[in-house]
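Welcome! Take a moment to look at the sequence and turn the model around, and then we will walk through it together.

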Amino acid sequence: MNNKYLGIAPYCEENQFDFWGRREETWALYDRISRNDYTVYYAASGEGKSSLIRAGLLPILRRRDYFPVYIVLNENE
């Protein structure tokens, strides 16, 4: 059996079909985004925020004619 877990590297949009197990959380986030002007998704480091957004949420948004822009803020810059 192939291990689909990428380790510490986050999943990206190209990994959307390998990213599973967080379907309910992904659709809950999509629901919040579709009903609100602004949405903040915050969690501790290592909780999988980037993977959920990139491999789960962004493909859904693109299929529904949104134009998502993925921005990462770095406090060092």
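Which residues form one aromatic cluster? The members are W27, Y30 and Y66. Keep in mind as you read that this is a predicted model.

## The overall picture

Let us step back from that cluster for a moment. The protein has two helices and zero strands. Of its 77 residues, 25% count as buried. The surface that the protein exposes comes to about 6,600 Å², and carbon and sulfur atoms supply 50% of that area. Contacts across the sequence are worth a look too: among those between residues at least 6 apart in sequence, 62% join residues at least 24 apart.

## The nonpolar core

Now for the inside. The largest nonpolar core has 11 residues in all: Y11, F19, L29, Y30, L52, I53, A55, L57, L58, I60 and L61. Two elements give two or more residues to this core, namely α1 (23-35) and α2 (49-63). The largest share, seven residues, comes from α2.

A good residue to click on here is L29, a member of this core. Leaving aside residues up to four places away in sequence, L29 touches T39, Y41, L52, I53 and L57. Among the core members are L52, I53 and L57, so try to find these three around L29.

## Aromatic rings

Back to the rings. A search of the whole structure finds three aromatic pairs. In one of them, the rings of Y11 and F19 have their centres 5.3 Å apart and their planes at 65 degrees, so this pair is edge-to-face. Y11 and F19 are both buried. Another edge-to-face pair is formed by Y30 and Y66, at 6.3 Å centre to centre and with 85 degrees between the planes.

Which parts of the chain does the pair of Y30 and Y66 tie together? Y30 lies in helix α1, while Y66 lies in the segment after α2, so the pair links parts that are 36 residues apart in sequence. The two partners also differ in their exposure class: Y30 counts as buried at 13% relative accessibility, and Y66 counts as partly exposed at 36%.

## Buried or exposed?

Here are some residues to compare, each with its relative accessibility.

| Residue | Relative accessibility | Class |
|---|---|---|
| R22 | 19% | buried |
| K49 | 22% | partly exposed |
| V72 | 61% | exposed |
| D65 | 74% | exposed |
| L73 | 79% | exposed |

Why does R22 count as buried? Its relative accessibility is 19%, and buried means under 20%. R22 is found in the segment before α1. Not counting residues up to four places away in sequence, R22 touches Y41, E47, G48 and L52. You have already met L52 as a core member, and Y41 as a contact of L29.

K49 has its place in helix α2. With residues up to four places away in sequence left out, the contacts of K49 are Y41, Y42, A43 and A44. Y41 therefore turns up again here, since K49 touches Y41 under the contact cut-off of heavy atoms within 4.5 Å. The C-alpha atoms of K49 and Y11 are separated by 9.9 Å, although these residues are 38 residues apart along the chain.

## The segment after α2

Our last stop is the part of the chain that follows the second helix. D65 is found in this segment after α2. What is the sign of phi in D65, positive or negative? Phi of D65 is near 65 degrees, a positive value in a residue other than glycine. Most residues other than glycine have a negative phi.

V72 also has its place in the segment after α2. V72 and S50 are 22 residues apart in sequence, and their C-alpha atoms are 9.3 Å apart in space.

L73 is another residue of the segment after α2. Which residues join L73 in a nonpolar patch on the surface? They are F67, V69 and I71, and with L73 the patch has about 550 Å² of accessible area together. L73 itself is exposed, at 79% relative accessibility.

Definitions and conventions: Residues numbered from 1 in each chain as written. Predicted model: local features only at pLDDT ≥ 70, side-chain atom pairs only at ≥ 80, totals over all residues. Heavy atoms only, no water. Core = buried A, V, L, I, M, F, W, Y, C linked by side-chain atoms within 4.5 Å. Buried < 20%, exposed > 50% of the residue type's maximum accessible area, 1.4 Å probe, protein only. Helix = DSSP H or I, 4+ residues; strand = E, 2+ residues; numbered from the N terminus. Phe/Tyr/Trp six-rings, centres within 6.5 Å; stacked < 30°, edge-to-face > 60°. Areas by Shrake-Rupley, 256 points an atom, 1.4 Å probe, with all protein chains shown as cover. Patch = residues over 30% accessible without salt bridge, like charges linked within 9 Å, V, L, I, M, F, W, Y side chains within 5 Å. Salt bridge = Lys/Arg side-chain N within 4 Å of Asp/Glu carboxyl O.
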